[in-house]
Amino acid sequence: MQQRKLGRTGPQVSALGLGCMGMSGMYGAAERAESIATIHAALEAGVTLLDTGDFYGMGHNELLIAEALKGRPRDRVVISVKFGAQRDPAGGWIGFDARPAAMKTALAYSLVRLGVDHIDIYRPARLDPAVPIEETVGAMAEMVKAGMIRHIGLSEVGSETLRRAAAVHPITDLQIEYSLISRGIEDAVLPTCRALGIGITAYGALSRGLLSGHYRPAGAGDFRAHSPRFQGENLARNLALVEALAAVAKARGLTVAQAALAWVAAQGLDIVTLAGARRRDQLAETLGAFEAALAPADIAAIEAAVPKGSAAGERYAAAQMAHLDSEKG
């Protein structure tokens, strides 16, 4: 597995990171033994980056990763954790808290659930509009000095927030959605990251499964049922784009998913792709994308099949996105 340096100050990680969210119910029920087997298969294939959040299954995901890593050398895996999202006992989303005291409490719980003495990359999952980013990052820097955090990352923030945060402490990477269908970061956020030496961990490279080539209607407990890109005329238009991509991919001996993943990986050595495989067969297909070497002509053909801005309902409803700092550019 190819290795990439995550930002100017970050660690060496595999070009592919395993996103573990789907193993804890966000896409419907997942099978525990298969999830753990998938993590093991990823590690054996050379994947070194595991991404999670303390709110994925209200701690379930961290406990699952802890079980999967039991008995394995700690220094051979880079664990990235998001914090701050608040949920009620029914699983509802009720806000965000990135106050310094809340961050330190969340960190303490994550360390216990994961069974580790440090977290490699720790990041607020969103910008807390009630807390200056300088306060959150400043408190995280204290935890870096204490040895409980190795690197500080951010998620879903815009250029101005990136600059303010980086003035307090080096920022390793920005975790943000980036795919053939969601290319908004190219306008301002990606250039800002590159100017500041901040890497990108790109989630949603398969657009929540739309570009997987295995689309099927969302089932019970699957949050995608509420996403505009999967509804009505939007879905029909998007699936037409997937068909065009499938033809380009087939001509190059790739699946739709492999073409979409390989395209993201080809956008720069400062980009690490997160893929949310929760079964070994999904992982095997994903790994194939990182064996593909796309020539400039291949990249041009893929982009012609899915032109920038051609998707319908590409992210989420405007009301859902309005609170994201990254939407401000």
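## Overview

A residue is called buried when its relative accessible area is under 20%. That cut-off applies throughout this report, which describes a predicted model. The protein chain has 329 residues, and buried ones make up 57% of them.

Eleven helices and 13 strands form the secondary structure of the chain. Many of the contacts span long stretches of sequence. Take the contacts between residues at least 6 apart in sequence: 75% of them join residues at least 24 apart. The structure holds zero disulfides. Two cysteines are worth a look: Cys20 is buried, at 0% relative accessible area, and Cys193 is buried too, with a value of 0%.

## Helix H8

Helix H8 covers residues 256–265. Ten of its ten residues are buried, so the rest of the structure largely encloses this helix. The buried residues are Val256, Ala257, Gln258, Ala259, Ala260, Leu261, Ala262, Trp263, Val264 and Ala265.

## The nonpolar cores

In soluble globular proteins, nonpolar side chains tend to be buried together. Here the largest nonpolar core has 83 residues. Leu18, Tyr122, Leu154, Leu174 and Leu245 have the most contacts inside it. H8 gives the largest share of this core, eight residues. Apart from this core lies another one, of eight residues. Its members include Leu6, Val13, Leu49 and Val78.

Leu154 shows how one core residue is surrounded. Residues up to four places away in sequence are not counted here. Leu154 then touches Arg123, Pro124, Ile133, Val137, Leu162, Ala165, Ile171, Asp173, Leu174 and Gln175.

## Val242 and Leu107

Val242 sits in helix H7, which spans residues 232–251. Its relative accessible area is 9%, so Val242 counts as buried. Beyond its neighbours within four places in sequence, Val242 is in contact with Leu210, Leu211 and Val256. Val256 belongs to H8 and is itself buried. Val242 and Ala305 are 63 residues apart in sequence, yet their C-alpha atoms are 8.2 Å apart in space.

Leu107 is part of helix H3. Its relative accessible area is 1%, so Leu107 is buried. Setting aside residues up to four places away in sequence, Leu107 touches Ile119, Tyr122, Met143, Met148 and Ile149. Among these, Tyr122 is one of the residues with the most contacts inside the largest core. Leu107 and Met140 are 33 residues apart in sequence and 9.5 Å apart in space, C-alpha to C-alpha.

## Helix H2

Helix H2 runs over residues 60–69. Seven of its ten residues are buried, so H2 is largely enclosed by the rest of the structure. They are Asn61, Glu62, Leu64, Ile65, Ala66, Ala68 and Leu69.

What do the buried residues of H2 pack against? The partners are helix H1 (32–44), strand S4 (49–53), strand S5 (78–83) and H3. Gly71 follows H2 and has a positive phi, near 85 degrees.

## Positive phi outside glycine

Most residues other than glycine have a negative phi. Met58 and Glu156 depart from that pattern. Met58 is not a glycine, but its phi is positive, about 50 degrees. Met58 is found in the loop between S4 and H2. With a relative accessibility of 44%, Met58 is partly exposed.

Glu156 also has a positive phi, about 55 degrees, without being a glycine. Glu156 lies in the loop between strand S10 (154–155) and helix H5 (159–166). Is Glu156 buried or exposed? At 1% relative accessibility, Glu156 counts as buried.

## The second largest pocket

Rolling a probe the size of a water molecule over the atoms shows where empty space is left. The second largest pocket has a volume of about 340 Å³. It is lined by 15 residues. The closest to its centre are Asp54, Ala85, Gln86, Ala106 and Arg113. Two elements give two or more residues to the lining: strand S6 (85–87) and helix H3 (100–114).

H3 supplies the largest share of the lining, five residues. By class, seven of the lining residues are nonpolar, four are polar and four are charged. H3 thus appears in several places in this report. It holds Leu107, the buried residues of H2 pack against it, and it helps line this pocket.

Definitions and conventions
Residues numbered from 1 in each chain as written. Predicted model: local features only at pLDDT ≥ 70, side-chain atom pairs only at ≥ 80, totals over all residues. Heavy atoms only, no water. 1 Å grid on protein atoms, 1.4 Å probe; cavity = no way out; pocket = protein on both sides within 12 Å on 5 of 7 lines; lining within 4 Å. Points joined across faces, edges and corners; volume = space filled by probe spheres on them. Helix = DSSP H or I, 4+ residues; strand = E, 2+ residues; numbered from the N terminus. Nonpolar A, V, L, I, M, F, W, Y, C, P; charged D, E, K, R; others polar. Core = buried A, V, L, I, M, F, W, Y, C linked by side-chain atoms within 4.5 Å. Buried < 20%, exposed > 50% of the residue type's maximum accessible area, 1.4 Å probe, protein only. Contact = heavy atoms within 4.5 Å. Disulfide = S-S within 2.5 Å.
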